[in-house]
Amino acid sequence: MKIRLPHVISLLGLMVGMSQTHAAQPGLPPNPVRDPNTPGYVKVTRIGLDAGELATLNTALKNLLSNSDPTLKDVLQQHPEFNPFALRSENPPVNAEGNFIIGPDYVRASEYTAQPGVPQGKMYQFTMNSTDSKIYPGIDRDPNTYGTADPNNPYTMLVPTSHPAPYTRQVTVYVPSQYVPGTAAPLLVAADGPDNSLPTVLDNLIAEHRVPAMIAVMIAHGGRSNSDPGGGSDAQGSERGLEYDTMSGLYAEFVESEVLPLVEKQYNVKITKDPEGRATMGGSSGGAAAFTMAWYHPELYHRVLAYSGTFVNQQWPFNPATPHGAWGYHETLIPQSAPKPIRLWFEVGDTDNYNRNALRDDMHDWVVANENMAKVLAAKGYHYQFTFALHAGHTDRNVREQTLPEALEWLWKGYGPN
């Protein structure tokens, strides 16, 4: 049977679009592209075909198409750039552990779209005022000001423009339709909330029994929004930086003592106390915070999901007990501690953040930090899945939209009947 022109048109739908470029921060050079097979990086499993294998397959298929029909031959000669199969990878298997490469092109998962007949959970939102908090009364950094390296300590910064400042934060709560009042539900705490797409993903995953029917609490960081002009809403000297980059159990304690009681009281729900039924997630410093919650309070959380985790030296103010901030996780804390019951899914992009800090302390490379996390977790026998994403920047949206549903499914493996 000959292949006709409509088949070519159908195949054209598989073509890869032009590769997007990841813009550099204003005034800075672009982040370097790192090869996941760099000597010293963890050994990885490639998901799908690599570029060479795909080129061979496309060449063979185009020759077959050209020989099958003169019309197709003419079309292919006019469009030599056309490849029938795009270099799009699948995700790592949901029952596998270890290190994987995906990309360089990504497809939005179907779980991001509301499906007919799938029950939808209820959404709620409330506001918290810093004046009511005993843990985080609030700080802020003056707009358009940043810290400078401390001349007496190469591992920290001086931020004289940071000062007390009140704030409000939004807390968004997802309660699945399957929740039975009076029962203790599993919990997912998400940083930098709200994530407006997460409820749809959870609706679909819960309906398919791929994850348990969990309550998701999406907590905005304190301080000003990251989108506010003038900077000052992130990193050293900011409220977000204080909450997410500090190496202590304080943020987990804030969630436990000040956020979750309000969720349970206001929406008549009950949250499990079983750490196996509690997960945290976030991106960037929110990803580091998710791990920190479980590290310092494993009696509260056993499951962690992080995109582009800031496992670097971003802590402020300086703490001599953890002088290198979150870089210390892979440098000393994990290697020198008995394994903790933490299950971790995490990702980094090949153009992720690199040395964008005044300290120049060699502890601000997000790719190396996440690679090092994979090394030490493996050495200690942790259950983890590490994904190195090609053609991906910091907390890359395309990567997240392909991987999040299966990442959540992997994260909840082993948790009772779904």
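In what sense do strands S3 and S8 pair, and over how many bridges? Hi everyone, let's start there. S3 and S8 pair in the antiparallel sense, over eight bridges. One pair you can find on screen is Lys122, whose bridge partner in S8 is Val175. Please keep in mind throughout that this is a predicted model.

Now let's step back to the sheet those two strands belong to. It is an open sheet of 10 strands, and the pairing is mixed. If you want to trace it, the order is S1-S2-S16-S15-S14-S13-S10-S11-S8-S3. The edge strands are S1, residues 45–46, and S3, and each of them pairs on one side only.

Stay with S8 for a moment. On its other side from S3 in the order comes S11, and S8 and S11 run antiparallel, joined by four bridges. A pair to look for here is Thr172, which stands opposite Met218 in S11. Is S8 enclosed or open to the outside? Six of its eight residues are buried, so S8 is largely enclosed by the rest of the structure.

For the parallel kind of pairing, look at S10 and S13, which pair in that sense over four bridges. Leu187 has Arg278 in S13 as its bridge partner.

Next, a helix. Helix H4 covers residues 198–207, and eight of its 10 residues are buried, which leaves the helix mostly covered. Among the buried ones are Leu198, Pro199, Val201 and Leu202. Asp203 and Asn204 are on that list too. What covers them? The cover includes several strands we have just met: S3, S8, S10, S11 and S13. Helix H10, residues 397–411, is also part of it. Just after H4 there is a small detail to spot: His209 takes a positive phi of about 60°.

Let's move on to the empty spaces. How much space lies in the largest pocket? The answer is about 1500 Å³. The pocket is lined by 50 residues, and the closest to its centre are Asn226, Asp234, Arg240, Ser284 and His394. S10, S13 and H10 come back here, as each supplies at least two residues of the lining. By class, that lining has 24 polar, 14 nonpolar and 12 charged residues.

There are also cavities, five of them at 30 Å³ or more. The largest cavity has a volume of about 50 Å³. Its lining includes Tyr136, Leu242, Glu243, Tyr251 and Met293. Three helices each supply at least two residues of that lining: H5 (239–245), H6 (250–267) and H7 (285–296). This lining divides into seven nonpolar residues, three polar and one charged.

Now for some single residues in loops. Asn91 sits in the loop between helix H3 and strand S2. Why do we call Asn91 buried? Its relative accessibility is 12%, and buried means under 20%, so Asn91 counts as buried. Its side chain makes a polar contact with the side chain of Gln402, at 3.0 Å. Leaving aside residues up to four places away in sequence, Asn91 touches Ile47, Ile102, Gln402, Thr403 and Glu406.

Two more asparagines make a nice pair to look at. Asn268 lies in the loop between H6 and strand S12, and has a positive phi of about 55° although it is not a glycine. Asn355 lies in the loop between strand S15 and helix H9, and its phi is near 50°, again a positive value in a residue other than glycine. Which of them is buried and which is exposed? Asn268 has 61% relative accessibility and therefore counts as exposed. Asn355, at 16%, counts as buried.

Last stop: cis peptide bonds. The bond from Gly103 to Pro104 is cis, with omega near 15°, and Pro104 is in the loop between S2 and S3. The bond from Trp316 to Pro317 is cis as well, with omega near 0°. Pro317 belongs to the loop between strand S14 and helix H8.

To close, let's return to where we began: S3 is an edge strand, and S8, its antiparallel partner, is largely enclosed by the rest of the structure. Thanks for listening!

Terms used:
Residues are numbered from 1 along each chain as its sequence is written. This is a predicted model: local features need pLDDT of at least 70, side-chain atom pairs count only at pLDDT 80 or more; totals for chains, interfaces and linings use all residues. Side-chain values use heavy atoms; hydrogens and water are left out. Buried means under 20% relative accessible area, exposed over 50%, partly exposed in between (1.4 Å probe, protein chains only). A polar contact is a pair of N or O atoms within 3.5 Å; within protein, one must be able to donate a hydrogen and the other to accept it, and residues adjacent in sequence count only if both atoms are side-chain atoms. Contact means heavy atoms within 4.5 Å. On a 1 Å grid over the protein atoms alone, a cavity is a set of points where a 1.4 Å probe fits but cannot get out, and a pocket is an open set with protein on both sides within 12 Å along at least five of seven lines; lining residues have an atom within 4 Å of a point. Grid points are joined across faces, edges and corners, and a volume is the space filled by probe spheres set on the points. Ala, Val, Leu, Ile, Met, Phe, Trp, Tyr, Cys and Pro count as nonpolar, Asp, Glu, Lys and Arg as charged, and the others, Gly among them, as polar. Two strands pair if DSSP finds at least two bridges between them.
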